[in-house]
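Here are my notes on the side-chain contacts, set out as numbered points. Please read them with the structure open.

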Amino acid sequence: MKRLKLMVSAPLFLSVWAGSAQAAQTQLCSNAMMSVLTSDARNQNDSEWNEDNFSSVACKRLPGESDIMLGSYFQRNFMVPLDDSSQYLWRVVLVDTTTHKVVSAYTGSVGDEGGIRIDNDQIWLDTARYYLNDDTRAFGVRLDIGHASRYAEGGASGYMTLFVREQEKLQPVLKSLPMNYWTNQEGHFSVTDEPVPIHQAKVYINLGNKISHGYRDLKLTTKVKDKMSDQYFSDVYEKAWSFDQTLKFDGKAYQGFKAWP
């Protein structure tokens, strides 16, 4: 099982970019889709929790595919007795709505550790026009699972993975890109709760014209706001700036992401 590798600071404190527009809009699953996903979990989760409710679940029709639904869910499949932390099966599936069968899938794992906390409504399905070439349209699954501690030096969330369909497998070509993150400009927080300056960043993905190993380059624009830590959830900021970078496909995945210039 593939393990989701995330770039976050530990320990944990607050939901990074909590209350985002995406997270606030639940992508509901029909009864028919829930039945398919429940059956899928029984087959894929060999633990005692395979009858549990999903920790998070989302569904959306795939554009241009009238008979195909996209679904994703978390379900607990392991618990650490010492600290009650858990690991979760993460599935991303395409379902044929005429046969009610999973026709393509990805299996991964996420867990309550480092800068991650699993809760409700943390999966967002992104079906924007990610045409990596004339014949290949990717889709995204964004996981709003990041947390950071009260005195952390930084944190991240909105982890975006882009998938392409390769017959019965969904292949991740962009893995766990943090779409939202922040860092303390001074490198540490004061334990006296005094506000400190932070950089708060939001990433936007566009497609480039150049092609590497068959797929278009990804053009990332990161918009940064310099503000004080007590302004984190407000629109107030001291300075705004941005920087661009290009990710190239190496034949297996997009590489080269840098959080800061």
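**Notes on side-chain contacts**

1. Asp134 counts as exposed, because its relative accessibility is 67% and the cut-off for exposed is over 50%. The model is a predicted one, and that applies to every point below.

2. Asp134 has a partner: its side chain forms a salt bridge with that of Arg216, at 3.3 Å from N to O. Arg216 belongs to strand β13, whereas Asp134 sits in the loop between β7 (123-133) and β8 (136-143), so this salt bridge joins parts 82 residues apart in sequence.

3. How many salt bridges does the structure hold? There are five, and the Arg216 and Asp134 pair is one of them. Another joins the side chains of Asp217 and Lys248, with 2.8 Å from N to O. Asp217 is in strand β13 and Lys248 in strand β14, so the two strands are tied together by residues 31 apart in sequence.

4. Are Asp217 and Lys248 buried or exposed? Asp217 is buried, because its relative accessibility is 3% and buried means under 20%. Lys248 is partly exposed, at 41% relative accessible area.

5. Strands β13 and β14 are also linked by an aromatic pair. Tyr215 and Phe249 are tilted with respect to each other, their ring centres 4.6 Å apart and their planes at 40°. Tyr215 is in strand β13 (residues 215-228) and Phe249 in strand β14 (residues 239-249), so the pair spans 34 residues of the chain. Both Tyr215 and Phe249 are buried.

6. A further salt bridge brings together the side chains of Asp40 and Arg91, at 2.6 Å from N to O. Asp40 lies in helix α2 and Arg91 in strand β5 (residues 86-96), so the bridge connects parts 51 residues apart in sequence. Both Asp40 and Arg91 are buried.

7. Arg91 also takes part in the surroundings of Ser72, through its backbone: the backbone oxygen of Arg91 is 2.9 Å from a polar atom of the Ser72 side chain. Ser72 is in strand β4 (residues 68-79) and counts as buried, with 0% relative accessibility. The Ser72 side chain makes a polar contact with the side chain of Trp90 as well, at 3.0 Å.

8. Which residues touch Ser72, once its neighbours within four places in sequence are set aside? Ser72 is in contact with Ser56, Val57, Ala58, Trp90, Arg91, Val92, Ile123, Leu125 and Val141. Trp90 appears again among the aromatic residues, where ring pairs link Trp90, Tyr106, Phe139 and Phe163 into a cluster.

9. Across the whole structure, a search finds ten aromatic pairs. One of them is Phe54 with Tyr73: the ring centres are 4.4 Å apart and the planes at 25°, so this pair is stacked. Phe54 is in the loop between α2 (31-44) and β3 (56-61), and Tyr73 is in strand β4, so the pair joins parts 19 residues apart in sequence. Phe54 is buried, at 15% relative accessible area, and Tyr73 is buried too, at 0% relative accessibility.

10. A charged residue also lies over an aromatic ring. Lys223 is placed over the face of Tyr204, 5.1 Å from the ring centre.

Notes. Residues are numbered from 1 along each chain as its sequence is written. This is a predicted model: local features need pLDDT of at least 70, side-chain atom pairs count only at pLDDT 80 or more; totals for chains, interfaces and linings use all residues. Side-chain values use heavy atoms; hydrogens and water are left out. Helices (H or I, at least four residues) and strands (E, at least two) are DSSP runs, numbered from the N terminus. Buried means under 20% relative accessible area, exposed over 50%, partly exposed in between (1.4 Å probe, protein chains only). A polar contact is a pair of N or O atoms within 3.5 Å; within protein, one must be able to donate a hydrogen and the other to accept it, and residues adjacent in sequence count only if both atoms are side-chain atoms. Contact means heavy atoms within 4.5 Å. Rings of Phe, Tyr and Trp (its six-membered ring) pair if their centres lie within 6.5 Å; planes under 30 degrees apart count as stacked, over 60 as edge-to-face and the rest as tilted. A charge sits over a ring if NZ of Lys or CZ of Arg is within 6 Å of the ring centre and within 35 degrees of the ring normal. A salt bridge is a side-chain nitrogen of Lys or Arg within 4 Å of a carboxyl oxygen of Asp or Glu.
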